Amino acid sequence: MKAFYFAKIDYIKARTQLYVLLVITAVVVVIMQMSKDMTGQAGFMYGVFLAIVFSTTPFGNCTRKDVGFQQLLPATTLQRVMGRFVYGLSMLFIGIGIGLVAAAGYSMLTGQRETIPLPLCLIIFAVGLILITVQYIFFYLVGESKGAQFLSLVRMVPGMCFFFGSIKLTGEIQKDPSGAAKIIEMIGGNLDSIGWGSVALAVLVMAGGILVCTRATMKKDY
Amino acid sequence: MKIIISNQSELPIYAQIKEQLKEQILNGQIPEGSTLPSIRQLAKEVGVSVITTTRAYSDLEAEGFIATMQGRGSVVLSKDNNLLKEQYLLRIEEGLTTAIETARVMGLPDQELTEIFHNLLKTVEQKPS
Amino acid sequence: MELLEVRNLSKYYKTFRLENISFMLPKGYIMGYVGQNGAGKSTTLNLITNICKSSSGEIYVDGRSCNDDESSYKETIGYIGDEFYFPDNFKVRHIRSVLNNFYKSFSTEKFDELVTRWKLDRKLEVKDFSQGMKVKLMFASVLARETKLLVLDEATNGLDPVIRAEVLKILQEYIADGERSVIFSTHILSDLEQIADYIFFIHEGKMVLYDAKDELMENHLLVKGERRAIFPELQKALIGITDNAYGFEAILPGDRADLLTNDFHFEKPTIDQIVIHYIKDREA
């Protein structure tokens with residue numbers, strides 16, 4: 001339970017940035033409408049991209065004294081770290097929510113109906129979760145409040161890599177579906193299980209990440 | 001009851017509290033049988049440490065001015081108790097000694113001194129006790 | 001019964017070592033933890049609140065160690081720092097809600113009452129509070145729950161005399177039932193000095209003096225006189241001899257008072273004077 005309360009602290013601290021997210025949703029719909037290449041899938045990816053970027057906000061606005069405040073609260077390091085991951089995970093859901101809203105908005109505006117295949121969603125979700133975990137591990141290893149300076153420089157990088165990487169990938173597939181078809185053939189009908197498998201893998205990575213981060217901060221001084 | 005702490009005083013704070021309480025008990029401003037504020041209460045009111053007021057009270061207790069009873073607090077003892085009587089006698093002796101010493105300095109014969117003493121006994125009004 | 005017990009506490013940093021600190025604070029008393037800036041005061045207090053981890057040694061609060069049960073250990077402690085520790089963009093209601101989530105004994109009624117009594121602005125983000133308001137908000141957040149030990153790290157620095165006086169009253173009220181204790185650190189004694197029962201004086205990470213305040217003051221004399229009147233035996237006994245244009249000043253342990261001749265003037269020292277001369281002595 002206390003992990004959720006720690007996530008709540010992160011949300012209160014980041015509340016102004018979250019208002020910006022709502023505005024961004026609207027912007028995404030408009031951009032998608034303007035650019036013909038953008039599809040509903042891209043909207044979904046854009047949502048995950050947002051989540052990856054915004055998931056690091058608690059590190060960006062974290063000062064030394066904020067860490068002190070959190071350490072004063074009656075809770076264990078594990079609960080504190082889990083709180084941060086609860087924040088990250090919920091950001092991911094919010095991002096996906098925004099992506100879906102954007103996609104729905106897009107299809108309403110254009111009249112195009114487009115279904116996003118479930119396995120693809122699962123894989124994107126898994127990749128997002130793993131990227132968030134990797135970022136968190138990095139910040140906890142550097143030091144919770146020390147990452148702030150660094151963050152302002154590189155915060156977009158992991159999200160960007162994800163976003164353009166996946167756009168490129170889907171682009172490639174569309175250009176030359178034969179390659180993708182071969183892969184699909186290879187996988188056979190197992191696309192679903194690959195989707196779920198990747199999610200399971202991501203959850204494991206996150207669990208491992210929580211342990212690594214807890215160990216890294218346990219002995220750290222405020 | 002009133003207590004004034006002076007930082008200029010050469011007396012330590014516990015002694016200042018003790019002396020002032022003693023004075024007020026002896027001249028009747030704090031009546032017999034009345035309950036003094038608790039050690040912690042007094043520390044809070046006067047703005048000094050608990051150890052300081054504890055020491056003042058335990059000294060007063062040792063000298064027979066007050067008794068601290070579990071649950072009842074510190075009570076000012078009656079002037080009849082032996083310890084306190086001693087305190088009174090001590091004060092009387094002190095006063096008389098000063099008088100005698102002064103008389104010796106000016107070379108006043110002892111007889112005249114006792115006369116003064118007897119006259120004063122008559123003139124100083126007896127307080128109804 | 002001891003409320004706070006610190007045993008052989010050490011903390012090693014690259015540039016600073018806190019070494020082998022031990023003391024006890026019984027229930028219902030106030031301890032002043034005194035020293036210069038950088039003497040190790042905050043380090044000690046941060047180890048007590050467990051926001052820093054010790055290199056060795058043990059700390060018990062109300063018989064409990066942080067290693068036994070971190071949550072309930074932290075519940076019993078109220079901390080007020082020299083630095084305001086609530087996140088900058090929080091408002092009073094955010095703090096109220098977060099503390100209510102985390103602390104079992106947090107009373108929202110008590111908190112609201114203190115916020116109203118001290119006229120703390122509910123609309124402002126706390127970073128816009130004045131220094132006095134920040135300190136009061138920290139006090140409100142701590143006093144609204146049931147704690148056993150108050151830890152104050154230079155908490156009254158930079159406050160005006162009126163608020164300082166209020167803080168003194170709060171602390172004395174806090175220990176009034178004889179069940180709870182306060183430890184505060186400071187480098188300026190003056191007003192806090194009067195309510196402290198015990199003084200622990202630390203210098204460069206090591207203990208210099210530790211005793212009941214009244215004992216410290218009674219067991220030391222402030223000696224003044226002419227420098228050339230000092231004879232070797234007295235020279236050895238005097239602590240922190242300081243010269244000025246007209247003579248010297250030093251502290252003498254009370255049990256060496258027999259050394260004083262008529263050449264010297266002596267008086268009751270303040271804790272500040274004792275501390276200054278001991279520092280002088282250590283640095284000589």
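Trainee: Which residues is C:Val151 in contact with, leaving aside its neighbours within four places in sequence?

Mentor: Start with the list. C:Val151 is in contact with C:Leu45, C:Ile48, C:Thr49, C:Ile77, C:Gly78, C:Tyr79 and C:Ile183. Keep in mind that this is a predicted model.

Trainee: Which residues touch the most other members of the largest nonpolar core?

Mentor: C:Val151 is one of them. The others named are A:Val48, C:Met31, C:Val182 and C:Ile183. C:Ile183 also appears among the contacts of C:Val151. The core has 147 residues.

Trainee: Which element gives the largest share of this core?

Mentor: Helix α6 of chain A, residues 77-110. Its share is 12 residues.

Trainee: Let me turn to chain A. How many helices and strands are there in it?

Mentor: Chain A has 11 helices and 0 strands. Read from the N terminus, its elements run α-α-α-α-α-α-α-α-α-α-α.

Trainee: What share of chain A counts as buried?

Mentor: Here a cut-off helps: a residue is buried if 20 or more other C-beta atoms lie within 10 Å of its own. In chain A, 40% of the 222 residues count as buried.

Trainee: What do residues 24 or more positions apart account for in chain A?

Mentor: Take the contacts with a separation of 6 or more. Residues 24 or more positions apart account for 92% of those in chain A.

Trainee: Now the chain pairs. Which chains share the most contacts?

Mentor: Chains A and C, of the 2 pairs of chains in contact. Their contact takes 21 residues from chain C and 19 residues from chain A. On the chain C side, α2 (70-75) and α3 (92-102) are the elements that give two or more residues. By class, that side of chain C has 10 nonpolar, 6 polar and 5 charged residues.

Trainee: How many residues of chain C are in contact with chain B?

Mentor: 19 residues of chain C, facing 13 residues of chain B. The elements of chain C that give two or more residues here are α6 (161-175) and α8 (213-218). Helix α8(C) gives the most, with 4 residues. The classes on this side of chain C are 8 nonpolar, 4 polar and 7 charged.

Trainee: How far apart are the nearest C-alpha atoms of chain A and chain B?

Mentor: 29 Å. Chain A and chain B do not touch.

Trainee: Which domains does the assignment give for chain B?

Mentor: The domain assignment gives domain 1 (13-76) and domain 2 (82-123). Their C-alpha centres lie 30 Å apart.

Trainee: Back to chain C and its open sheet. In what order do the 6 strands come?

Mentor: Read across the sheet, from strand to strand. The order in chain C is β5-β6-β7-β3-β8-β9, and the pairing is mixed. The edge strands are β5 (77-80) and β9, each of which pairs on one side only. Neighbouring strands are turned by 15° against each other on average, direction ignored.

Trainee: In which sense do β3 and β8 of chain C pair?

Mentor: In the parallel sense, over 4 bridges. Strand β3 covers residues 30-34 and strand β8 covers residues 198-203. For one bridge, look at C:Tyr33: its partner in β8(C) is C:Phe200.

Trainee: Where is C:Leu209 placed?

Mentor: In strand β9 of chain C, residues 206-212. That strand is an edge of the open sheet.

Trainee: Why is C:Leu209 partly exposed?

Mentor: Because 17 other C-beta atoms lie within 10 Å of C:Leu209. Buried takes 20 or more, and exposed takes 12 or fewer.

Trainee: Which residues does C:Leu209 touch?

Mentor: Leave out residues up to four places away in sequence. C:Leu209 then touches C:Ile199, C:Phe201, C:Leu216 and C:Tyr278. Compare C:Lys236: it sits 27 residues from C:Leu209 in sequence and 18 Å away in space, C-alpha to C-alpha.

Trainee: How many bridges join β10 to β12 in chain C?

Mentor: 6 bridges, with the strands running antiparallel. Strand β10 is residues 220-225 and strand β12 is residues 247-253. C:His220 stands opposite C:Pro253 in β12(C).

Trainee: What joins β11(C) to β12(C)?

Mentor: A hairpin, through 2 residues. Strand β11 (residues 239-244) runs antiparallel to β12(C), with 4 bridges between them. C:Thr242 has C:Glu249 as its bridge partner in β12(C).

Notes
Residues are numbered from 1 along each chain as its sequence is written. Chains are lettered from A and ligands numbered from 1 in the order in which they are written. This is a predicted model: local features need pLDDT of at least 70, side-chain atom pairs count only at pLDDT 80 or more; totals for chains, interfaces and linings use all residues. Two residues are in contact if their C-beta atoms, placed from the backbone, lie within 7 Å. Ala, Val, Leu, Ile, Met, Phe, Trp, Tyr, Cys and Pro count as nonpolar, Asp, Glu, Lys and Arg as charged, and the others, Gly among them, as polar. Domain bounds come from an automatic or database domain assignment. Two strands pair if DSSP finds at least two bridges between them. Axes are lines fitted to C-alpha atoms, for helices over the stretch in contact, and angles run from 0 to 180 degrees between N-to-C directions. A nonpolar core is a set of buried Ala, Val, Leu, Ile, Met, Phe, Trp, Tyr and Cys residues joined through C-beta atoms within 7 Å.
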